Amino acid sequence: MAKRPTLTAADRAVEYSPTTARLFGFCQKKFYFTWLARRKQGWRKGLDHPWHRVYDLKQLKNRHTWAGDLYHEILAHILNDVCAGHEPDEDAARRLISDVAEAQFAFSAEHRFIGATKSHVEKYNGIPTFLALFEHAYGLPVDGLLEETRLNVDQWLMHTFSWEGWLPLIDHVQSARRVYIEPDNLLYLFAGARIRARMDVGVETRDGLFVLYDWKCYNEDKRFAAYDQHLFKQQLLAYALWPVSREELRLAIDRVVAHVFNPVTGEEREIHFTENDCADFEIDVDRWVRLQREMFTEVGDVVFDELRGPYDPQRSCPWCSFKAVCGEEILWHELT
Ligand code: SF4
């Protein structure tokens, strides 16, 4: 068992994650709700309290993120099985994902997500049945949504089992010194921020390499390809810096390599990192920490109306999970 990092200083540090940094860049109000949901523990309030509603809405997913999450869940399930000494079974995995999709869809359709805590909800063969679909929460049509999602994930699984990197990955996992599958406890301090390295898979090989695997279940929007690739590389770097920054057995950054597999297209990309990448990332994280300390101190200090919204509210707001609370006149800073 690896020693947990000492977090005395880290506990007080601003949290950085490339995903939330991206969210902040998209809409500061949306970021505010996400921050609030964690900060105020809305689940402790009554169901109608705005903080509780923010907490419930934060869990909503659209069909595409649901399909991506299902894929991640089944891959984690298969690889945990491999760690336990079993061989991967494609047919069993495809049957399981179909059953889980059905159980999750029923959970969402019955609105069981309202007031529920994800970690307390029952599992199906080890996979949580919790799901809160945007369409169910906002009363939109769901025709064909379950079938389409099942079909997508089924095809992605077939692409994965026929991917030429699949057997090397299984070999890696079976012979590794240590394997991390969606770990929750890999934390480190970097440029004054606390970073959680929640990688899809991390394999520590016996010859001193750290191999990251990441599943990317979407295609890039060509208009933002360069920007997206920059952010995506930063996301991987946030994971790659954990073995470089941890307390023990530190590695040089050139001993870390990332394999990104896209199950939609069946394509794989290999990514390496340099000291320059790390230096650029350090500047970005430092900037983030200073900005957050200025803008997001205490809930009562944040002036909601002064936060920037998305570039085009007409297009973005109708599909935003928080549109119900964002569109209401609520004096957020006065709530208790
Ligand atoms: S509804 Fe629009 S302005 Fe409000 S949080 Fe969502 S995207 Fe931002």
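## Packing around helix α6

The buried residues of α6 pack against several elements, namely α5 (63-83), β2 (123-124), β3 (127-128), α7 (134-137) and α8 (145-162). As with everything described in this report, this comes from a predicted model. Helix α6 itself runs over residues 90-109, and its end C-alpha atoms are 29 Å apart, which agrees with the 28 Å that its 20 residues should span at 1.5 Å a residue.

The residues of α6 that are buried are Ala93, Leu96, Ile97, Val100, Ala101, Gln104, Phe105, Phe107 and Ser108. Because they cover an arc of only 165° around the axis, they lie on the same side of α6. Asp91 and Arg95, on the other side of the helix, are exposed. Just after α6 comes His111, whose phi is positive, at about 55°.

## The shell around the ligand

Around the ligand stand Cys27, Lys29, Lys30, Gly309, Pro310, Pro313, Ser316, Cys317, Cys320, Phe322, Lys323 and Cys326. Three elements give two or more residues to this shell, and they are α3 (28-39), α12 (313-316) and α13 (323-326). Sorted by class, the shell contains seven nonpolar residues, two polar residues and three charged residues.

## Helix α3

One of the elements that contribute to the ligand shell is α3, and the length of this helix can be checked in the way used for α6. At 1.5 Å a residue, the 12 residues of α3 should span 16 Å, and the distance of 16 Å between its end C-alpha atoms agrees with this.

Lys29, Lys30, Phe31, Tyr32, Phe33, Trp35, Leu36 and Ala37 are the buried residues of α3, and they pack against α2 (18-26), α4 (50-58) and α13. Lys29 and Lys30 are therefore buried residues of α3 that also belong to the residues around the ligand, while α13, against which the buried residues of α3 pack, likewise gives two or more residues to the shell. Just after α3, Gln41 takes a positive phi, in this case of about 45°.

## The chain as a whole

The secondary structure of the protein chain comes to 13 helices and 10 strands. Taken along the principal axes, the box that its C-alpha atoms fill is roughly 55 × 45 × 40 Å. For 336 residues, a compact globule would have a radius of gyration near 20 Å, and the 21 Å of the protein chain agrees with that expectation.

Of these 336 residues, 29% count as buried. Among contacts in the protein chain between residues at least 6 apart in sequence, 70% join residues that are at least 24 apart.

Methods
Residues are numbered from 1 along each chain as its sequence is written. This is a predicted model: local features need pLDDT of at least 70, side-chain atom pairs count only at pLDDT 80 or more; totals for chains, interfaces and linings use all residues. Helices (H or I, at least four residues) and strands (E, at least two) are DSSP runs, numbered from the N terminus. The expected span of a helix is 1.5 Å times one less than its number of residues. A residue is buried if 20 or more other C-beta atoms lie within 10 Å of its own, exposed if 12 or fewer, and partly exposed in between; C-beta atoms are placed from the backbone. The arc is that of the directions from the helix axis to the C-beta atoms. Two residues are in contact if their C-beta atoms, placed from the backbone, lie within 7 Å. A residue is near a molecule or strand if its C-beta atom, placed from the backbone, lies within 6 Å of it. Ala, Val, Leu, Ile, Met, Phe, Trp, Tyr, Cys and Pro count as nonpolar, Asp, Glu, Lys and Arg as charged, and the others, Gly among them, as polar. The radius of gyration is taken over C-alpha atoms; the globule rule is 2.2 Å times the number of residues to the power 0.38.
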